[in-house]
Amino acid sequence: MVKVKRFTAAWCGPCRQLAPLFDQIKTSFPDVEFQTIDVDTSPEEVQEHLVTSVPTVIFFKDGYAKQRFVGLQPKSMYVDTINSLI
């Protein structure tokens with residue numbers, strides 16, 4: 001199983017730019033679990049995954065973190081990473 005966790009914050013400009021990209025990506029991958037985590041309301045999860053900047057996107061395969069992007073990336077990087085894991 002592939003899971004994608006996107007760490008975001010309401011005050012983060014790049015996070016707001018990433019949100020519509022992820023909405024588009026989700027429609028292409030119905031078997032992938034997508035989760036959005038607000039860093040201001042989920043400090044335990046932020047600490048667990050060692051997130052220090054937003055946006056951070058972590059890709060998991062079978063429960064293990066396989067790839068991490070910090071900062072806004074082109075849509076193709078997210079899509080290519082998901083394709084490599086499924």
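Which residue does a disulfide join to C12? The legends below address this and other close-up views of a predicted model.

**View 1. The disulfide of C12 and C15.** C12 is joined to C15 by a disulfide, with an S to S distance of 2.4 Å. The structure holds one such link. The disulfide of C12 and C15 is right-handed, with 75° about the S-S bond. C12 counts as buried because its relative accessibility, 4%, is under 20%. C15, with a relative accessible area of 2%, is also buried.

**View 2. The buried side of helix 3.** Helix 3 spans residues 75-85, and Y78, T81, I82 and L85 are buried in it. These residues lie on the same side of helix 3 because they cover an arc of only 95° around the axis. An α-helix has 3.6 residues a turn, so residues three or four places apart point the same way. The buried residues of helix 3 pack against helix 1 (13-28) and against strand 1 (2-8), strand 2 (33-38), strand 3 (56-61) and strand 4 (64-70).

**View 3. The largest nonpolar core.** This core comprises 15 residues, of which V4, F22, F34, F59, Y78 and I82 touch the most other members. Strand 1, helix 1, strand 3 and helix 3 each give two or more residues to the core. Helix 1 supplies the largest share, four residues.

**View 4. Surroundings of F22 and a separate core.** Leaving aside residues up to four places away in sequence, F22 touches V4, R6, F34, V57 and Y78. Apart from the largest core lies another core, of ten residues, including A9, C12, C15 and V51.

How values were computed. Residues numbered from 1 in each chain as written. Predicted model: local features only at pLDDT ≥ 70, side-chain atom pairs only at ≥ 80, totals over all residues. Heavy atoms only, no water. Buried < 20%, exposed > 50% of the residue type's maximum accessible area, 1.4 Å probe, protein only. Arc of directions from axis to C-beta. Contact = heavy atoms within 4.5 Å. Disulfide = S-S within 2.5 Å. Core = buried A, V, L, I, M, F, W, Y, C linked by side-chain atoms within 4.5 Å.
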